[in-house]
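Student: Please give me a close look at one part of this structure, the surroundings of the ligand, and then follow the elements there outward into the rest of the fold. I should be grateful for one connected account.

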Amino acid sequence: MDLKDKVVYITGGSKGIGLGVAKKLLEAGMKVAISGRTQNALDSAATCLGSQNNTLMITSNVSKIDDEINAIAQIMDKWGQLDVVLANAGVGHFAPIDELSVEKWHEMIDTNLNGVFHTLKASIEALKKSEGYYITLASLAGTNFFPTASGYNATKFGVVGFTQAVMLDLRKYGIKVSTIMPGSVATHFNDHVPSEKDAWKIQPEDIGDLVLDLLKMHPRTLPSKIEVRPSRPDLK
Ligand SMILES: NC(=O)c1ccc[n+]([C@@H]2O[C@H](COP(=O)([O-])OP(=O)(O)OC[C@H]3O[C@@H](n4cnc5c(N)ncnc54)[C@H](OP(=O)(O)O)[C@@H]3O)[C@@H](O)[C@H]2O)c1
């Protein structure tokens, strides 16, 4: 894909991985729309990204299909095309199953699983037109289960299965579909505050480089499921 002036939509792009990917794609010449629920976080992201002509900040909660339909409409109004969608927004709540609240369970399902479905449903016709690329941000928790992660595991196993099935549905339209499954990334996930102690972790911009590699891959070749982990967890 020639990336100059191609349009990408990144859900949950106001912080963490989404923001790191946004920076890299903007540097590569793309037009970048990012979303999040909180205006303050979007304002800080806008300052951090700088370029006003090539960026669009959208208030949207991925758990609401109407928000995502509206987000795609804003992108089509501004740029008239949509080439890449990164369904990245996600939350994690960790507690043993007897302590995990019904509310936290539903927040994870609504955001991490229903959200990626809503984002795709809202963008699918635009992606058919551009023969674009739909990428989900899953996790190694989509293949490895662990104590306290029942809800999070359920969503990320779901995202991996959803994305792989969608890949088989959409390749006949020339749409590429991949899921990225990272281990620890230095972000604000689960109320973490990134610091120099996170130097051993994957950095958000590294996921940006990975997305760039996917977009530049020869059209005949599709890495559909990518596991990525810190190479030196012993430096924790
Ligand atoms: N960090 C890791 O170690 C790691 C590892 C593997 C996978 N992941 C996955 O990576 C993705 C990004 O997480 P992150 O680590 O970058 O976390 P983060 O730093 O907390 O960023 C999450 C982003 O998602 C947005 N968001 C949350 N709920 C949303 C919703 N309902 N609708 C729209 N936006 C929403 C947040 O903004 P607002 O709160 O303002 O909405 C924020 O911009 C998630 O899917 C996560 O599961 C993370």
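Tutor: Let us begin with a convention: Ala, Val, Leu, Ile, Met, Phe, Trp, Tyr, Cys and Pro count as nonpolar, Asp, Glu, Lys and Arg as charged, and the others, Gly among them, as polar. Please keep in mind that this is a predicted model.

The ligand is surrounded by 32 residues, and the closest of these are Gly12, Gly16, Arg37, Thr38 and Gly90. Three elements each give two or more residues to this shell: helix H1 (16–27), strand S2 (31–36) and helix H4 (102–130). Sorted by class, the shell holds 21 polar, nine nonpolar and two charged residues. These three elements offer a convenient path outward.

Consider H1 first. Helix H6 (residues 204–216) packs against H1 at an angle of about 55 degrees, and their axes lie 7 Å apart. The two helices are therefore oblique to each other, and their crossing is right-handed. On the side of H1, the contact includes Gly16, Ile17, Leu19 and Gly20, while H6 contributes, among others, Pro204, Glu205, Ile207 and Gly208. This contact comprises eight nonpolar, three polar and four charged residues. Gly16 thus appears twice in our account: it is one of the residues closest to the ligand, and it also takes part in the contact of H1 with H6.

S2 leads us into the sheet. Seven strands form an open sheet, ordered S3-S2-S1-S4-S5-S6-S7, with parallel pairing. At its edges are strand S3 (55–59) and strand S7 (225–228), each of which pairs on one side only. On average, neighbouring strands are turned by 15 degrees against each other, direction ignored. S2 pairs with strand S1 (residues 7–10) in the parallel sense over four bridges, and Val8 stands opposite Val32 in S2. Helix H2 (residues 39–49) packs on the sheet and touches S2 and S3, its direction making about 170 degrees with that of S3.

H4 also meets the sheet: it lies across S1, strand S4 (84–87) and strand S5 (133–137), and runs at about 175 degrees to S4. Two further helices are partners of H4.

One partner is helix H5 (residues 150–170), whose axis comes within 9 Å of that of H4 and crosses it at roughly 15 degrees. H4 and H5 are therefore roughly parallel to each other, and they cross in a right-handed manner. Among the H4 residues in this contact are Lys104, Trp105, Met108 and Ile109, and H5 supplies residues including Gly151, Tyr152, Thr155 and Lys156. By class, the contact has 11 nonpolar, four polar and two charged residues.

The other partner is helix H3 (residues 65–79). The axes of H3 and H4 come within 8 Å and cross at roughly 35 degrees, again in a right-handed crossing. H3 brings Ile65, Glu68, Ile69, Ala71, Ile72 and Met76 to the contact, and H4 brings His118, Thr119, Lys121, Ala122, Ser123 and Ala126. Seven of the residues in this contact are nonpolar, three are polar and two are charged.

To draw the picture together, H4 gives residues to the shell around the ligand, lies across S1, S4 and S5 of the sheet, and is in contact with H5 and with H3.

Key
Residues numbered from 1 in each chain as written. Predicted model: local features only at pLDDT ≥ 70, side-chain atom pairs only at ≥ 80, totals over all residues. Near = placed C-beta within 6 Å. Axes fitted to C-alpha atoms, helices over the stretch in contact; angles between N-to-C directions. Parallel < 35°, antiparallel > 145°, perpendicular 65-115°, else oblique. Left-handed = near helix turned anticlockwise from the far one by under 90°. Contact = placed C-beta atoms within 7 Å. Pairing = 2+ DSSP bridges.
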